[in-house]
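Here is a guided look at a two-chain model, with its strands, cavities and a few loop residues. Please keep the structure open beside the text as you read.

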Amino acid sequence: MSTLKNPKTRRGLALLAGSAALALTLVGCSGGGNDEPAPERDLGTPVAGEIEAGVLDGVTLTFAGSGGIFQEGQTEALWDPFAAASGAMFTQDAFDAGKLKAMVDSGNVSWDIVNTSQFDTARGCGTLYEEYDYDQVDTSNVPEELITDACMVPQILYGLVVVYNTDAFGDDPPTSAADFFDTEKFPGKRTVSQSTYVDPQTIEFALLADGRSVDDLTVDDIATGMDKYKALGDDVIGWTTGAQAQQQLEAGEAVMGLVWSGRGYGAAAAGAPVAPMWDEWMIMVDSNGIPKGVSDKQAALAAVNYSIGAEQQAEMTELTSYAGVNSEARPDVDDQLAEWLVTEHLDTGVSPNIDFWVDNYDALSATWAAWATGN
Amino acid sequence: MTETTVTEAVAAQSGDVLGADPGMRKRRGPKNWRPLLLLIPAFVIVSLFFLAPLIDVFIRSVTDPQPGLQNYVWLFTTEANLTVVIRTFGTAILVTIVCLVLAYPYAYLMTIVSDRTRNMMQLFIMMPLWTSILVRTLAWMVLLQDTGPINGLLAAWFGIGPIPLIRTTFGVALGMCQVLLPFMVLPLYSSMAKIDKRLLPAASNLGANPVTAFFTVYLPLSKPGIFSGGVTVFILGLGFYIIPALLGSSKEIMISALIQQQISVFLMWGQGTALGIFLLVCTILILVLVSRFNKNGSLFPGVDR
């Protein structure tokens, strides 16, 4: 009380308040501040894979991808050449849906293009992701069925594929989803995703094994699908990252796995005796999403338009093993990679029921959270 | 008012005791608060980067997606959550006990060996701390897997196996103990180093056998180290994420993975933050409980004052 009357104490308090205010100001200034509207440029009619030289001089774009060899390949095949041609500067970051939500909620969006799943863009369309202006992106060579919501341009095609050990089953390989669950005919451990990340195709695959169609699903099917895996008991082990799935296949920990096709290829390329089962597999598409509130949407659209060019997509496939979405892309691949390219097997692939999963995401997340935590 | 009087009275008294001239009294007041200025940087940083986000997290947990306690209701009514919470605390307790059992003799040995050996022992403890936790966990993965070298040797020499080592509580506890062991050894050593070595011979001179001497003399004196190491290991253990994910199966997943999933995958921030607040409250409760057992009631036992 009376200590406040002491001038030196008051000075101390003022100093304290002052430094707090200063720190708050510093934090405030570091965020946002991008109030200037982006200039509108005349880019003409878009052609996939083309950009007018130097048209984006002085623009900085940030791509948030899923890391690893995939993002490195995208950088080399798509973003670096785009930067060189357009004059834009490209920076890289790692995608995380939670981080995106934080950016959008706080109005401080520092990403321009992200690589994410088609379910993410469908769920967050209009709230987390900008709707596409398809007049500014040339999707003429992208199969129509790959564009599954208004906030995405497909980025790559891959699959959730059964990969089996050829030493174990080389003479009599599994040929159906049902075989994956048949531990008598195909004994040994199987690995499936128990990652915190959710691929609804994992559940669809289990239902497929029961002869169900993914086109008409009910909420009860979610538990039914999970129960199929639980019924495998000790014969099912989980992978929590793509790298772990590949490691389990390479080490022979699992004789079979339901894994991302690129990881199966990774194991094969590292010399593991594994082969893909193409008789029944789940088609997956990654989205090019543009975060809601992006500072220069036109520039982001131009970059996406460039990234789906035939040449760019072919080079990306050669570098990453993931198939491009441009039907004109002609990647020069060796025999081993050709064996793993999903585009050769689209006739036997099953497309996911996106609408169902977007509508029933809460039920999916509750069931999945229980599965991923051993319940 | 009263405060001033008391302060002045104390100042006057101490002045009298010191036999100082009255002019010294005036300088005493300011000197008392001036060191507090040193707290300003820490205070600013803590309020900005810890307190403010913490308040934000709490507010979110009761307002997202709408105001109410629905996130806490969800937390306590979802069976999967409760399993994970119990598992998290169980694992942390297990790891703390194992670390204590391993670290106690090691720390004791450090107090009786030569300086050179002690430096070596210290190096062995510190070296893992300087290696990436991810790299160490990957090494365990390779060693422990069914097709790994340990099971390979067991099969070749004894014809048994494969014994499940990875994807078990054992594997997770092993990986966590290896990371957390230094946090147990160092406080134990620092408290043991202060124990007078002559007390044990003195105890035997008075008729105690070595076991009695240890339990009645040495162990109580090393208690601050046990508390301090135990609390550190336990609290760090609660937050483990990578090791349970890589060395365990879904049956070893801990609460931090659940929080990550709610925040980053499902975008259910209300539920994720409720989990975080719950973990924080539990941790504080346990700290308070532990401090009751500590003689001087300190929340940070083992800290010299």
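## Strands, cavities and loops

In strand S9 (residues 349-350) of chain A, Gly349(A) stands opposite Trp281(A). The strand that pairs with S9(A) here is S8(A), in the parallel sense and over 2 bridges. Helices (H or I, at least four residues) and strands (E, at least two) are DSSP runs numbered from the N terminus, and two strands pair if DSSP finds at least two bridges between them.

Before going further, a word on conventions. This is a predicted model, in which local features need pLDDT of at least 70 and side-chain atom pairs count only at pLDDT 80 or more, while totals for chains, interfaces and linings use all residues. Residues are numbered from 1 along each chain as its sequence is written, chains are lettered from A and ligands numbered from 1 in the order in which they are written, and side-chain values use heavy atoms, with hydrogens and water left out.

### The strands of chain A

Let us stay with S8(A), which spans residues 274-289. How many of its 16 residues are buried? The count is 14, so the strand is mostly covered, where buried means under 20% relative accessible area, exposed over 50% and partly exposed in between (1.4 Å probe, protein chains only).

S8(A) also has antiparallel partners. Strand S4 (residues 153-165) of chain A pairs with S8(A) over 11 bridges in the antiparallel sense, and there Tyr164(A) has Ala275(A) as its bridge partner. Strand S3 (residues 113-117) of chain A is likewise antiparallel to S8(A), over 4 bridges, with Asn115(A) opposite Asn288(A).

Another set of pairings involves strand S5 (residues 190-193) of chain A, which runs parallel to strand S6 (residues 236-239) of chain A over 4 bridges. S5(A) is also joined by 2 bridges to strand S7 (residues 256-260) of chain A, again in parallel. Thr191(A) takes part in both pairings: this residue stands opposite Ile237(A) in S6(A) and opposite Gly257(A) in S7(A).

### The cavities

Now for the enclosed spaces. The structure holds 4 cavities of 30 Å³ or more. A cavity is a set of points, on a 1 Å grid over the protein atoms alone, where a 1.4 Å probe fits but cannot get out, and lining residues have an atom within 4 Å of a point. Grid points are joined across faces, edges and corners, and a volume is the space filled by probe spheres set on the points.

The largest cavity has a volume of about 70 Å³. It has 13 lining residues, and the closest to its centre are Gly238(A), Thr240(A), Ala245(B), Gly248(B) and Ser249(B). Two or more lining residues come from each of S6 and helix H9 (242-250) of chain A and helix H13 (242-247) of chain B. By class, the lining has 4 nonpolar, 8 polar and 1 charged residues; Ala, Val, Leu, Ile, Met, Phe, Trp, Tyr, Cys and Pro count as nonpolar, Asp, Glu, Lys and Arg as charged, and the others, Gly among them, as polar.

The second largest cavity has a volume of about 50 Å³. Its lining includes Ser117(A), Asp120(A), Tyr197(A) and Tyr361(A). Helix H4 (residues 118-123) of chain A gives the largest share, 3 residues, and the classes are 5 nonpolar, 1 polar and 2 charged. Where does the second largest cavity lie? Domain 1 (60-157 + 286-324) and domain 2 (158-284 + 342-373) of chain A both contribute to the lining, so the cavity lies between them, with bounds from an automatic or database domain assignment.

### Loop residues

Three loop residues can be set side by side.

| Residue | Loop between | Relative accessible area |
|---|---|---|
| Ser66(A) | S1 (60-65) and H2 (68-86) of chain A | 49%, partly exposed |
| Arg167(B) | H8 (149-158) and H9 (169-192) of chain B | 14%, buried |
| Leu267(B) | H14 (255-265) and H15 (269-293) of chain B | 18%, buried |

Phi is positive in two residues of chain B that are not glycine: near 60° in Arg167(B) and about 60° in Leu267(B). Chain B also has a cis peptide bond between Asp64(B) and Pro65(B), with omega about 0°. Pro65(B) sits in the loop between helix H3 (40-63) and helix H4 (70-77) of chain B.

Terms used: 1 Å grid on protein atoms, 1.4 Å probe; cavity = no way out; pocket = protein on both sides within 12 Å on 5 of 7 lines; lining within 4 Å.
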